[in-house]
Structure formats: C-alpha cells, structure tokens
Amino acid sequence: MANSYAALSRHYDLIMTSGYYDYSAYARDLVTELGDHRRVLELGVGTGLVCESLLELSGADLRLTGIDHTESMLAQARARLGNRVQLIRQDIVEMAAPSVFDAAYSVGGVWYGTRNPEGSTLCSHLLREDDDIRALKNVSAAVRPGGPLLLAVQQAHQNYERPLPGGLVYAQEVRPEGDRFVKDYFVRKADEVVAHQRCEFRAYPQDRADRLLAQCGFHFERATEDGLLRRYVRE
Ligand SMILES: C[S@@+](CC[C@H](N)C(=O)[O-])C[C@H]1O[C@@H](n2cnc3c(N)ncnc32)[C@H](O)[C@@H]1O
C-alpha cells in the first residue's frame, strides 16, 4: 500500500511527541476554528494524537470520526481513544462517507502545508493529481455546505537528527524529485537502524493547490494568525 506507515508505527508516538509536532497548539487553533461545528472528520487520523488533544480541550458533545488506511496506526488509535472516536479503516481515495460532517481537518494527515522560503506548498500523501481530485471530492461530499476544511501547516522539510528517549535517535532525510519528494524516516539505536519508513509525497505550489481545492468545492478563506492552519470553506 502506498504511503502506509506500518514500518514506523511502533515508534510513531515517540517521535511525534518528542518535538516533531506541537499537538496542543494545533488543537487550540482547531477548537477555535471549529467553533460550534460538532461532527468532525479527521483525514489521516494515525494513532489518534490530534483527536486526543482535541477531546481534552473540547466539550463532551464533539463527535469525531477518523479515517486512515494503515491498520497498525489505527490499532494504536483504538487503544488510545476507545469508543470516544469513530475510526474507519479506508483509503481516502475510496472513501464514501455520507454528507454528515460539519467540518474536516488534516494535521500532518493525508494533506498538509509546509512553510518554505520560496512560498508555501501543499503536500499530499497521494501521488497522482487525479487521486487528489477524487479524494478531495470525497471529502467535499462528506462535509455539508458552509463547513470548514482545516489544513495544518508545518515547517519546511529538512534533513536533521535528534535524540529520542531510551537511547534512540530519530533522523529524517528529504529528497526533492520534481513535483514530488521522498522522505526517509529512521530510528536508530547506536549504529543499528531499528525502524525505517520511506514515504513519497506530491507537492503543489500554494496557488495551484488552492485552484485544485476550489475545483473540488473548497474555497480558501484565510490562514489563522499564527499560520498553523489554512481554512477552506465548502461551497
Ligand atoms: C504523518 S501521519 C499523521 C497522523 C496524525 N494526523 C498525527 O498528526 O499524528 C499520516 C497518516 O495519514 C495516513 N494516510 C496516508 N495516506 C492515506 C490515504 N490514502 N488514506 C487514508 N489515510 C492515509 C497514514 O496512514 C498516516 O497514518
């Protein structure tokens, strides 16, 4: 399966909660932007870390659903979230959700933005533009008119390594290849590679991405003041 996180899933939480993402900051902005929207879909829910932070900050009436295609990520999400979140194992390209959601979001999930010196970019786990269109149309069909689609923005990709608890080291290597890039995630202990995951992404310059989103029914409204989320609205 393309861009499955199976090889990284055992170490995923350790990497992400050791400085990769500030989940609390994203969750605070999501809560503000979601406002009264209560039925919310996460696109690429992974191990459920965003849902967990959102549930901590939101009222009990928030009804979250998460979709992901990697079983080993969802297994951790189920253990973390129990029956507080509905979890669906499905490829977003094949998603056929009824139009019951008030809003959708992706934080490092199927889609995310990066802030680069030459301008911002939309990164997609889907490698073909027709798959992006199909998947975004699925999301558009699942979100009621007027509902927001919130896409998280993160720092530009770069090569680096940093220590993790337990004597482990996390390293990532990113290599651009035309309108795609390849990202290798490594977890090492001393000289041994204990986990290696390779993902490939499609990268769209922001203006092209916004046209693509508009074609699928989502118009760009604004970015949050701190730049962590881009807000699109379903026509
Ligand atoms: C980097 S993880 C982010 C998980 C979570 N949002 C977080 O912030 O921790 C990206 C997730 O997107 C999922 N994903 C990638 N392509 C997908 C697709 N075509 N359909 C459904 N999920 C997908 C992966 O399985 C992975 O769990």
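Colleague: Which residues are closest to the ligand, and how many surround it?

Modeller: This is a predicted model. In it, 24 residues surround the ligand. The closest are Gly44, Gly46, Thr70, Ile92 and His125.

Colleague: Which helix and which strand each supply at least two residues of that shell?

Modeller: Helix H3, residues 49-57, does. Strand E2, residues 63-68, does too.

Colleague: How does the shell around the ligand divide by class?

Modeller: It has 13 nonpolar residues, nine polar and two charged.

Colleague: Back to H3. How do I read the packing of two helices?

Modeller: Two packed helices are described by the angle between their axes and the distance between the axes. Here, helix H2 (residues 23-34) packs on H3 at an angle of about 55°, and the axes are 9 Å apart. That angle makes H2 oblique to H3.

Colleague: Is the crossing of H2 and H3 right-handed or left-handed?

Modeller: H2 passes H3 in a right-handed crossing.

Colleague: Which residues meet where H2 and H3 pack?

Modeller: H2 brings Tyr23, Ser24, Tyr26, Ala27, Arg28, Leu30 and Val31. H3 answers with Leu49, Val50, Ser53, Leu54 and Leu57. By class, the residues of this contact are nine nonpolar, two polar and one charged.

Colleague: Now the strands. What should I know about side chains in a regular strand?

Modeller: In a regular strand they alternate between the two faces of the sheet. For the pairing here, start with strand E9 (residues 168-177). E9 and E10 pair in the antiparallel sense over ten bridges. Use one pair as a landmark: Tyr170 stands opposite Val187 in E10.

Colleague: Which residue takes a positive phi in the hairpin of E9 and E10?

Modeller: Gly178, with phi near 65°. This hairpin has two residues between the strands.

Colleague: How many bridges join E10 to E11?

Modeller: Ten bridges join strand E10 (residues 180-189) to E11, and the two run antiparallel. Tyr185 has Gln197 in E11 as its bridge partner. Lys189 is partnered by Glu192 in E11.

Colleague: What lies in the turn between E10 and E11?

Modeller: E10 and E11 also form a hairpin, with two residues between them. Ala190 is in the turn, and its phi is positive, about 50°.

Colleague: Which residue stands opposite Tyr204 in E11?

Modeller: Leu122 does. Look at strand E6, residues 119-124. E6 pairs with E11 (residues 192-205) in the antiparallel sense, over four bridges. To trace these strands on the model, go from E9 to E10, then from E10 to E11, and then from E11 to E6.

Definitions and conventions: Residues are numbered from 1 along each chain as its sequence is written. This is a predicted model: local features need pLDDT of at least 70, side-chain atom pairs count only at pLDDT 80 or more; totals for chains, interfaces and linings use all residues. A residue is near a molecule or strand if its C-beta atom, placed from the backbone, lies within 6 Å of it. Ala, Val, Leu, Ile, Met, Phe, Trp, Tyr, Cys and Pro count as nonpolar, Asp, Glu, Lys and Arg as charged, and the others, Gly among them, as polar. Two strands pair if DSSP finds at least two bridges between them. Axes are lines fitted to C-alpha atoms, for helices over the stretch in contact, and angles run from 0 to 180 degrees between N-to-C directions. Angles under 35 degrees count as roughly parallel, over 145 as roughly antiparallel, 65 to 115 as roughly perpendicular and the rest as oblique. A crossing is left-handed if the near helix is turned anticlockwise from the far one by less than a right angle, and right-handed if clockwise. Two residues are in contact if their C-beta atoms, placed from the backbone, lie within 7 Å.
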